[in-house]
2 protein chains.
Amino acid sequence: MVVGAGLIGLEMVEALKVRGVQVTVVELLDWVLPALVDKELGLLVGAYLCGEGITVRTSEKVLRFEGDEHGAVARVITSKAEIPADLVLLSIGVRPNVELAQKAGLKIGTTGAIQVNEFLQTSDPNIYAGGDCVENVHRMSGKKVYTPMGSAANKHGRIIADHIMGDANAFPGVLGTAVCKVLGWNVGRTGLSEREAKTLGYDAESIICSGDDRSHFYPGVGRLIIKLVAEKEAGRLLGAQIVGPGDVAKRVEIMVSALTLGTTVRELASFDLAYAPPFSSAMDAIITAANVMQNKMKGLGKSISPLIVKERLDRGDDFVFLDVRSPQEYEAVRIDHPNVVLVPLGKLRQDAGKLPMDKEIIAFCAISLRGYEAQRILEGKGFSNVKFMEGGIAAWPFEKVMNS
Amino acid sequence: MVVGAGLIGLEMVEALKVRGVQVTVVELLDWVLPALVDKELGLLVGAYLCGEGITVRTSEKVLRFEGDEHGAVARVITSKAEIPADLVLLSIGVRPNVELAQKAGLKIGTTGAIQVNEFLQTSDPNIYAGGDCVENVHRMSGKKVYTPMGSAANKHGRIIADHIMGDANAFPGVLGTAVCKVLGWNVGRTGLSEREAKTLGYDAESIICSGDDRSHFYPGVGRLIIKLVAEKEAGRLLGAQIVGPGDVAKRVEIMVSALTLGTTVRELASFDLAYAPPFSSAMDAIITAANVMQNKMKGLGKSISPLIVKERLDRGDDFVFLDVRSPQEYEAVRIDHPNVVLVPLGKLRQDAGKLPMDKEIIAFCAISLRGYEAQRILEGKGFSNVKFMEGGIAAWPFEKVMNS
């Protein structure tokens, strides 16, 4: 059992799983990697792990361990169950070791880590501190954060050496960037999550967009599910989260660069990114995501998150959940709910009359490109209450019927 | 035989080679991918292809073909040789098809492609043109360029549709970005090459820096050889070229983002890139390259390109070519020349006295990290004419003695 589904926890899940160990991961919060990604993407990662044979238990608190007669752990008692376990690994967070700094009388910041200025000087300017024991400034919020990462630690070393040698090279802070590999999926994020942006008072807009990491015909093509967060009026990008089997890290780095330099959604859409079939689509998935966000901001795209759709299905809302994929795609994978109606996009213009004009329609497809097109077509036909579900089935973390 | 070692030519070389075809590529200019990369990196790609069994013939002009009695090609006569060939593929450049535009009386630009404004309107504002038949503006130089790429073509389509629908969304141009895969190597570039930057009148500085694409201990780690170009005083980045078996495309995208937004070398070094061992080093190779460039600009790092070193060896210059690797590394791969002296870095402080203080010393190692350290150590010991060779043996495209 791994307790805590953060970065370290999930890296350990992978390490144990590939050695043939049966793994249960227990997370106190409602989805895996809760500090990294918002709920929509966290649920997707959780669903992927379940599909790989990992037992994922979220919203569950570990209360105590019970041992056997030899003093070894035998079971874990949680808020919901009693789970047998031969080995328990705790990965429940990181705290800075500030003991030495405290003994030296140095100031500890509000995050619990050592307070330093932009040159990594502590409250005693003759004492520098860097690495996982210090706090950083978040480049988006300007606030102090505790984000222990090897990448920042390495930069700290250089800043400190430069300053000692008389080169006042300020450390501008971090973006809370993180990336990890969990079995066959990659998860990355940078900047602010939607939750963080809203907590900080931003009028934040978000979209979820699914795409491919390279040309659809190229061997090894992998899916990406991208969430972008931006300021509603100005369009300035605030953050991004990306999950899936595709090349997540590359798009995270593009977003790191974009956020560092204060880019807007529109600017991102114009980046002259490097296209060749082994590496990307002609229109890279991150550019498509920026375009989908532009469509939403302009009011062309009217969209709804898969989470909200699920809540509304669960409470019995009466709307048409319009699947516009082909019958073959529907046979292979489908969302099983009475609200679902199948009208392939190619037939939508001729069959639109069969859909009720007085009801809300939420269209979707595999990734919701056709879902968006369905929204536009139906609006053209006079329907006034049509949306598409962001990210399509690729971003649907809930039960699906699969025939494979 | 493939005639022309550009993007298309080398993609065809790969396609033929993996099908077991014996391939010769003939290029008029002095190195492969001459429009993409400067000579230092082009020679490396050529050396890699030779190692893979491709016959690479550069600085060679195809004069004519000769056929057999059945009318099939039998041999190619070049400026240097008569080469038997069963099939000849010409990939000698791309010209825009502007016939229709000319017939319509539209203006053709100085590049030979259709002239358009930032909304992709031709000289007749009611006629739009986009894709490989139009010229683009280069975002660094502001000049018109002909860079036919699917990535720009896709963006053009959206710009045109937006403009028709009343949304004046200007297309800001391209960076001349390109990426390709050639067998086990990747090649990418964006912005200005050193040659282009100097032709445009920039006071350009460049460095070559070798590094790894992920943590050195992680399976599948691949080498990257990076060339950065920047303005000498302001430090503004002008371009990047990257080659090697490692993940080139990701670093190209970082550079695309950085160039689009007018970043300096110092800013690049502070990017909070996404670190985890499967994806990068804690200090990503592109950040190390930025730091090496900073060292050079500050005068801390005194470096020399492998091309210049080779020229000087060839003309018999008297300098110490100081290999500071371990004896084991030297046994495995070495540059065979009387000027080479082996002093492992760990012994350099104690053995420095054996080196001549009145001679120029050019230090190197596998990637020239230790080469740089050697320069600094020897300067500390009073040596006044010490440099390191940029990129180390990884960036040496010339003959090496290998024992494997």
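In this predicted model, the contact between the two chains draws 51 residues from chain B and 51 residues from chain A. About 4,500 Å² is buried between chain B and chain A, and carbon and sulfur atoms give 57% of that area. Three residues of chain B, namely B:R158, B:E253 and B:D272, supply 16% of what chain B buries against chain A, more than any other three residues. The points below start at this interface and then move on to the strands and sheets.

**Charged and polar pairs across the interface**

- Eight salt bridges are found across the interface of chain B and chain A.
- Over all chains, the count of salt bridges comes to 70.
- One salt bridge worth finding on your screen is B:E253 with A:K250, where the closest N and O atoms are 3.9 Å apart.
- That pair joins two chains, because B:E253 lies in helix α6 of chain B while A:K250 lies in helix α6 (residues 248–260) of chain A.
- As a general point, side chains of opposite charge can pair when their charged atoms come close.
- B:E253 also belongs to the trio, with B:R158 and B:D272, that supplies 16% of the area chain B buries against chain A.
- Between chain B and chain A, 22 residue pairs are in polar contact, counting pairs with both residues at pLDDT 80 or more.

**What chain B brings to the contact**

- On the side of chain B that touches chain A, the elements giving two or more residues are α4 (150–164), β10 (178–182), α6 (248–260), α7 (265–269) and α8 (285–298) of chain B.
- Which element gives the largest share of this side of chain B? It is α6(B), with nine residues.
- Sorted by class, the side of chain B that touches chain A holds 24 nonpolar, 14 polar and 13 charged residues.

**Two open sheets in chain A**

- Four strands of chain A form an open sheet with parallel pairing, in the order β3-β2-β1-β7.
- At the edges of this four-stranded sheet are β3 (55–57) and β7 (89–90) of chain A, each pairing on one side only.
- Strand β1 (residues 2–3) of chain A runs parallel to β7(A), and two bridges join them.
- To see that pairing residue by residue, look at A:V2, which stands opposite A:L89 in β7(A).
- Another open sheet of chain A has three strands in the order β4-β5-β6, and here the pairing is antiparallel.
- The edge strands of this three-stranded sheet are β4 (62–67) and β6 (82–84) of chain A, which each pair on one side only.
- From one strand to the next in the β4-β5-β6 sheet, the twist averages 25°.
- Strand β5 (residues 73–78) of chain A and β6(A) run antiparallel and are joined by three bridges.
- Within β6(A), A:P84 is the bridge partner of A:R75.

**Strand β20 of chain B and its parallel partners**

- Strand β20 (residues 386–389) of chain B runs parallel to strand β15 (residues 303–304) of chain B, with two bridges between them.
- On the β15 pairing, B:I304 has B:M389 in β20(B) as its bridge partner.
- Strand β19 (residues 361–364) of chain B also runs parallel to β20(B), and three bridges join these strands.
- On the β19 pairing, the partner of B:I362 in β20(B) is B:K387.

**A closer look at B:L90**

- B:L90 is found in strand β7 (residues 89–90) of chain B.
- Which residues does B:L90 touch, not counting those up to four places away in sequence? They are B:V3 and B:F65.
- B:L90 and B:L313 are 223 residues apart along the chain, and their C-alpha atoms are separated by 37 Å.

How values were computed. Residues numbered from 1 in each chain as written. Chains lettered and ligands numbered in written order. Heavy atoms only, no water. Contact = heavy atoms within 4.5 Å. Buried area = accessible area lost by both parts, 1.4 Å probe. Salt bridge = Lys/Arg side-chain N within 4 Å of Asp/Glu carboxyl O. Polar contact = N/O pair within 3.5 Å; in protein donor to acceptor, adjacent residues only side chain to side chain. Nonpolar A, V, L, I, M, F, W, Y, C, P; charged D, E, K, R; others polar. Pairing = 2+ DSSP bridges. Axes fitted to C-alpha atoms, helices over the stretch in contact; angles between N-to-C directions.
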